[in-house]
Amino acid sequence: MSLLWGMIGLICLTGCAPLQPKDRADHILQAQGFQPVQGQVTLKAWLRTGPTSSATPLRRLRVYIEGDGAAWWSQTLAPADPTPTSSVALDLAASDAHTHVAYLARPCQYLNAQTRAMCPDSWWTDARHGAEVQAQMQQRLDQMVAQSGAGQLELIGHSGGGTMAVLLAATRRDVACLVTLAAPLDLQAWTGHHRVAPLHLSQDPALLPSDQPTAPAAYLFGARDAVVPAHTIGRYAQRLKPGQVVVMPEWGHTRGWSHRDAWQAHTGCMAALP
């Protein structure tokens, strides 16, 4: 018996060690048939595409966009590594049965220290929604559209990933559905609520041109979300139609969103399973 427990201990020393945060996405997604998208070394993405036929041609690539990443140590002290230790967007992508799904991280997440050193820390702090970051994200979307053969995109973003989804959709014409989950859509209202410094180097979705064409969209919040309360939608609400904002009772910033059927029922634009 002691020999058996010794062997188990040895196995765990070599194979049961906890995953490093930078390896978590790759481990989870590759187990579900996703493959890393090659190219930009500072911006990770994974893609899974299924079979198509003339009877069911591919129309939609569903892209889950990661949030801002690791929590700050304090209101003024940012993390040295923005890789999230847990992720709503990652878990939703991995569990999605849709045929063509992608998970799009944010710049500098899931990198080793050597590669992350290529990133200015502004990419996950003040400029995390800035023009340079948006350009990288758009390039990745273009690459995945071409690689998958998709004609349309569905963008689903959680937290800061929802903010980014809105900004990305604003300049694209291939977005057929936009969904934000617990996302700050008026950055001024959000930073004001938390009494933190404004994100001067980021673009605020609330200041997008009001006459800009927008994709069919739904903006969902949790009634118990202390990180992004529903009222921080602020000025962005002025551009919306009735019914586009949905507040989910009892849900928080991360709690509840794994119940995909519950929130997807309120979107109205996500493609049904083939």
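The buried residues of helix 6 pack against a whole set of neighbours: strand 3, helix 5 (131–148), strand 5, strand 6 (175–181), helix 7 (187–194) and strand 7. Here, "buried" means under 20% relative accessible area, with exposed over 50% and partly exposed in between, using a 1.4 Å probe and protein chains only. Packing rests on contact, meaning heavy atoms within 4.5 Å. Helices (H or I, at least four residues) and strands (E, at least two) are DSSP runs, numbered from the N terminus. Helix 6 itself spans residues 160–169, and 10 of its 10 residues are buried. Among them are Gly160, Gly161 and Gly162, along with Met164 and Leu167.

A word on the model: it is predicted, so local features need pLDDT of at least 70 and side-chain atom pairs count only at pLDDT 80 or more, while totals for chains, interfaces and linings use all residues. Residues are numbered from 1 along each chain as its sequence is written, and side-chain values use heavy atoms, with hydrogens and water left out.

Now for the sheet. Strands of a sheet pair through backbone hydrogen bonds, either parallel or antiparallel. In this structure, eight strands make an open sheet in the order 1-2-4-3-5-6-7-8, and the pairing is mixed. Strand 1 and strand 8 are the edge strands, each pairing on one side only. Two strands count as paired if DSSP finds at least two bridges between them. Strand 1 (residues 35–36) runs antiparallel to strand 2, with two bridges, and Gln35 sits opposite Leu47 of strand 2. Strand 2 also pairs with strand 4 (residues 101–104), again in the antiparallel sense, over four bridges; here Ala45 has Leu104 as its bridge partner. Strand 3 (residues 60–65) and strand 5 (residues 152–158), on the other hand, pair in the parallel sense over six bridges, and Leu61 is matched with Leu153.

In a regular strand the side chains alternate between the two faces of the sheet. Strand 2 (residues 45–48) is covered on both faces: Ala45 and Leu47 on one side, and Trp46 and Arg48 on the other, are all buried.

Trp46 turns up again among the aromatic rings, where ring pairs link it with Tyr103 and Tyr110 into a cluster. Rings of Phe, Tyr and Trp (its six-membered ring) pair if their centres lie within 6.5 Å; planes under 30 degrees apart count as stacked, over 60 as edge-to-face and the rest as tilted. A search of the whole structure turns up five aromatic pairs. In one of these, Tyr219 and Tyr236 meet edge-to-face, at 5.3 Å centre to centre and with 70° between the planes. This pair ties together distant parts of the chain: Tyr219 belongs to strand 7 (residues 217–222), and Tyr236, 17 residues apart from it, to the loop between strand 7 and strand 8 (245–248). Both Tyr219 and Tyr236 are buried. Trp251 and Trp257 form another edge-to-face pair, with 4.9 Å between centres and 85° between planes, and both of these are buried as well.

His253 is found in the loop between strand 8 and helix 8 (260–264). His253 counts as buried because its relative accessibility is 14%. Leaving aside residues up to four places away in sequence, His253 touches His158, Ser159, Ala182, Asp225, Val227 and Val228. Its C-alpha atom is 9.4 Å from that of Val88, although the two are 165 residues apart along the chain.

Last come the empty spaces. On a 1 Å grid over the protein atoms alone, a cavity is a set of points where a 1.4 Å probe fits but cannot get out, and a pocket is an open set with protein on both sides within 12 Å along at least five of seven lines; lining residues have an atom within 4 Å of a point. Grid points are joined across faces, edges and corners, and a volume is the space filled by probe spheres set on the points. The largest pocket holds about 920 Å³. It is lined by 36 residues, of which Gly69, Ala70, Ala71, Trp72 and Val227 are the closest to its centre. Helix 7 gives the most to this lining, with three residues. The search of the whole structure also finds one cavity of 30 Å³ or more, with about 40 Å³ of space in the largest cavity. Its lining includes Trp123, Trp124 and Arg128.
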